[in-house]
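Please take me through this model stop by stop, saying at each point what to select in the viewer and what can be found there. I would like the strands treated before the helices, with the cut-offs behind each term stated along the way.

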Amino acid sequence: MDVSVIIPARNEGGYIGYGLMMLEKQTFPGSWEVIVVDNASDDHTGDIVREAFPWVRVIEEPVPGVQRARERGRLAATGNILAFLDADTIPSTQWIENGLRHFRESDIVALTGPYLFFDGRFRDDTYAYLQRWLFFPFSKYVAEQSNMSLAFFANMFIRADILAHELHGFDTSYTFDGDDVETATRLSWVGKVLYAQDMCVKTSARNFKKNGLVCTVHGHFRAAREVSQRFKRAHVRIST
């Protein structure tokens, strides 16, 4: 199997169908699968997917936690490349094809791409645009100066063998927003974590609307700081 697309989902019955419809239309000519990990949903997310998208593999992770769900999906996946989306994220029809093209470079172990909102207000869309072209590239550059890295799990590809044998899977102890920072950082110690502008996806602005700009930005910085502090306590490769 070339690619396994893994989507963790908890109570996402109202959103997950949009992304799955676009995955069904992928132009990628190779072999690929989609795995939805129902993470203890109360809204029958798994049953909704099974009924509407019978070609999708649905598996269960009864313990809540998005990293637990991703790890459960990883263990079930058969693809050489693992691709990750959030349940409220919509890829383009060329998403898999574009992602695989980047892995022709042998030093790339993972890649991530930007996002825009499909249901945002003007101010939400402005933030997403600036995040895509300015905030994230600059933040990733700054993080890399301290032997860290950044990525969006809502839009990410990882070499399966690197994740399994070098990282020994996901750290399921992470239950806060730093999960993508932690994984991207460990991947960057093995090879290159690429930020690819042609990998843009659409996602829901619901969390951004709920939290607002200040809380969103502060949450990103807090998560990165907490990950850095964890690494330092563990005496790993974070600069002082």
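Begin by selecting Thr-112 together with Tyr-195, its bridge partner in S9. The two strands around this pair, S6 (residues 108-112) and S9, run in the parallel sense and are joined over four bridges; strands here are DSSP runs of E with at least two residues, helices are runs of H or I with at least four, and both are numbered from the N terminus. Two strands are said to pair if DSSP finds at least two bridges between them.

Before going further, note that this is a predicted model, in which local features need pLDDT of at least 70 and side-chain atom pairs count only at pLDDT 80 or more, while totals for chains, interfaces and linings use all residues. Residues are numbered from 1 along each chain as its sequence is written, and side-chain values use heavy atoms, with hydrogens and water left out.

**The seven-stranded sheet**

Now widen the selection to the open sheet of seven strands, whose order is S3-S2-S1-S4-S8-S6-S9 and whose pairing is mixed. At its edges stand S3 and strand S9 (192-195), each of which pairs on one side only. From one strand to the next the twist averages 20°, with axes taken as lines fitted to C-alpha atoms, for helices over the stretch in contact, and angles running from 0 to 180 degrees between N-to-C directions.

Move next to the S3 end, where strand S2 (residues 32-38) and strand S3 (residues 57-60) pair in the parallel sense over four bridges, and where Val-37 stands opposite Ile-59 in S3. Between these two strands the chain passes through helix H2 (residues 45-52), giving a right-handed β-α-β crossover; right-handed means that, with the strands pointing away from the viewer, the path from the first strand over the helix to the second runs clockwise. H2 lies across strand S1 (3-9), S2 and S3, and runs at about 165° to S3.

**The three-stranded sheet**

Select S5, S10 and S7, which form an open sheet in the order S5-S10-S7 with mixed pairing. Strand S5 (89-90) and strand S7 (115-117) are at the edges with a single partner strand each, so one side of each is left without a neighbour in the sheet. S5 runs antiparallel to strand S10 (residues 201-203), to which two bridges join it, and Lys-202 in S10 is the bridge partner of Ile-90.

**Two partners of H8**

Select helix H5 (residues 122-144) and helix H8 (residues 206-233), which pack at an angle of about 30° with their axes 11 Å apart. H5 and H8 are therefore roughly parallel to each other, a term for angles under 35 degrees, whereas those over 145 count as roughly antiparallel, 65 to 115 as roughly perpendicular and the rest as oblique. Their contact, meaning heavy atoms within 4.5 Å, includes Tyr-127 and Gln-131 of H5 and Leu-213 and His-220 of H8.

Finally, keep H8 and add helix H7 (residues 179-188), which packs against H8 at an angle of about 50° with the axes 9 Å apart. H7 and H8 are therefore oblique to each other. In this contact, select Val-181, Glu-182, Thr-185 and Arg-186 of H7 with Ala-224, Val-227 and Phe-231 of H8.
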